[in-house]
Amino acid sequence: MRSLEELTRPNIWHLAPYSSARNEYSGHVARVFLDANENPYNKPFNRYPDPLQKELKERISKVKGVHPDCIFLGNGSDEAIDLPYRCFTRPGIDNVVAIEPTYGMYKVCADINDVEYRPVLLDDHFQMSANKLLDACDRNTKLIWICSPNNPTGNNMNREEIIRVLNEFDGLVIVDEAYSDFSAERSLRHELKEYPNLIVLQTFSKAWECAAIRLGMAFACKEIVDIYNKVKYPYNVNLLTQQQALEALKDPYEVDKWIKLLLQERRQLMENFRLLPICKKVYPTDANFFLAKMTDAQKIYDYLVREGIIVRNRSRISLCQDCLRITIGTKSENTELMAALRKY
């Protein structure tokens, strides 16, 4: 791995971060707050939230088994996806490499930041090749994006291939594990000490059923998290989001129950899809959705929209011609979907 200083944009490495009022008295107990030009009324919403979300990180640390100093919290995973571009890539000079097809925000953020995006096609089984990813890199490649379980394909990437990329690439490897709670695969966040160039993304939007609060997590070595904290907006995670996340974390076993129910529904729904004459193939999945190849995805999608049922047509994505992506819903929602498809 190249040194972190070499990987980081020079202006970011030397950046003096904004010093918020709430950081300056850190370590002392305060009763009267006259430092941040806040209105003294309408408590607690009149006060700025903790800019580093210390209490929330402590709680997440206990659930995820990662030290609080190695946790970054952002406004959804989108912030955690955008920050590596802003911190490590030089616009118009550097590039990033990613598996293809995959989550579209990696490319969107590359385009916004004027960074070349190099997609590397998966094979016919939606699996990545470490050789092909590494061959696409050059001296100006700063990041490699791997989504596992992958979106939209649903499957885990081969762990040995990911480890090979981590061992042989001298830049940063970002593994997006947004759907990992639905998979039996062990999370790579447990391997941070072994791979200092690893960044793992997770989210409260999927298994934790909290998409509305917009809270994403990045797990990385402390030095990388420190750089993120220099660049992020001072109060990037609002008080209501922090409070709701703390509430959700009170009973992580409830999440395990939701996951178990969704996995049962996933198995049943996939079996039902295989019996449909309009379904050609159902692909294996490790996520809370699956990809299904249909006879005519666009016509079936349009029909479902007219029936008030929304799925995702992924036909325009590489390797996904005539494929619908189906999110696992409640038993009644899944039953309604199947009833509509049987009438198609």
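# Briefing: salt bridges, empty space and backbone features

R86 has a relative accessible area of 23% and is therefore partly exposed. The model is predicted, and R86 is one partner in a salt bridge with D82. The structure holds 19 salt bridges. A search of the whole structure also finds one cavity of 30 Å³ or more, while the largest pocket contains about 510 Å³ of space. The points below cover the salt bridges, the pocket, the cavity, the surroundings of D322, and some backbone features.

**Salt bridges**

- Side chains of opposite charge can pair when their charged atoms come close.
- In the pair of D82 and R86, the N to O distance is 3.9 Å. This distance falls within the 4 Å cut-off for a salt bridge.
- D82 and R86 both belong to helix α5, and because they are four residues apart there, about one helical turn separates them.
- K222 pairs with D226, and the closest N and O atoms of this salt bridge are 2.8 Å apart.
- Helix α9, residues 222-231, holds both K222 and D226; they are four residues apart, so about one helical turn lies between them.
- Both partners are partly exposed: K222 has a relative accessible area of 35%, and D226 has one of 32%.
- R159 and E185 form a salt bridge through their side chains, at 3.5 Å from N to O. R159 is in helix α8, whereas E185 is in the loop between β5 (172-176) and β6 (198-203), so this pair ties together parts that are 26 residues apart in sequence.
- R159 is partly exposed at 22% relative accessibility. E185 is also partly exposed, with a relative accessible area of 36%.
- A network of salt bridges links R2, E6, R139 and D170.

**Largest pocket**

- The lining of the largest pocket consists of 27 residues. Those nearest the centre of the pocket are Y103, G104, N151, Y179 and R325.
- Two elements, α5 (76-88) and α6 (105-112), give two or more residues to this lining.
- The largest share comes from α5, which supplies four residues. The salt-bridged residues D82 and R86 are in this helix as well.
- Sorted by class, the pocket lining has eleven nonpolar, seven polar and nine charged residues.

**Largest cavity**

- The largest cavity holds about 80 Å³ of space. It is lined by 13 residues, and S148, N156, R159, E177 and E185 are the closest to its centre.
- R159 and E185, which are among the residues closest to the cavity centre, are also the two partners of the 3.5 Å salt bridge.
- The cavity lining comprises four nonpolar, five polar and four charged residues.

**Surroundings of D322**

- D322 is located in the loop between β10 (312-313) and β11 (323-327).
- The relative accessibility of D322 is 18%, and because the limit for buried is under 20%, D322 counts as buried.
- A polar atom of the D322 side chain is 2.9 Å from the backbone nitrogen of A297.
- Apart from neighbours within four places in sequence, D322 is in contact with a set of residues that includes A292, K293, M294, T295, D296 and A297. S315 is also one of these contacts.
- From C-alpha to C-alpha, D322 and K299 are 9.7 Å apart in space, with a separation of 23 residues in sequence.

**Cis peptide bonds**

- K43 and P44 are joined by a cis peptide bond with omega at about 0°. P44 is in the loop between α3 (21-24) and α4 (54-64).
- N151 and P152 are also joined by a cis peptide bond, with omega near 25°. P152 is in the loop between β4 (141-147) and α8 (159-168).
- N151, which precedes P152 in this cis bond, is one of the residues nearest the centre of the largest pocket.

**Positive phi outside glycine**

- N42 has a positive phi, near 65°. N42 is in the loop between α3 and α4, the loop that also holds P44.
- N42 counts as exposed because its relative accessibility is 56% and the limit is over 50%.
- F126 has a positive phi as well, near 60°. F126 is placed in the loop between β3 (116-121) and α7 (130-135).
- With a relative accessible area of 4%, F126 is buried, whereas N42 is exposed.

How values were computed. Residues are numbered from 1 along each chain as its sequence is written. This is a predicted model: local features need pLDDT of at least 70, side-chain atom pairs count only at pLDDT 80 or more; totals for chains, interfaces and linings use all residues. Side-chain values use heavy atoms; hydrogens and water are left out. On a 1 Å grid over the protein atoms alone, a cavity is a set of points where a 1.4 Å probe fits but cannot get out, and a pocket is an open set with protein on both sides within 12 Å along at least five of seven lines; lining residues have an atom within 4 Å of a point. Grid points are joined across faces, edges and corners, and a volume is the space filled by probe spheres set on the points. Ala, Val, Leu, Ile, Met, Phe, Trp, Tyr, Cys and Pro count as nonpolar, Asp, Glu, Lys and Arg as charged, and the others, Gly among them, as polar. Buried means under 20% relative accessible area, exposed over 50%, partly exposed in between (1.4 Å probe, protein chains only). Contact means heavy atoms within 4.5 Å. A polar contact is a pair of N or O atoms within 3.5 Å; within protein, one must be able to donate a hydrogen and the other to accept it, and residues adjacent in sequence count only if both atoms are side-chain atoms.
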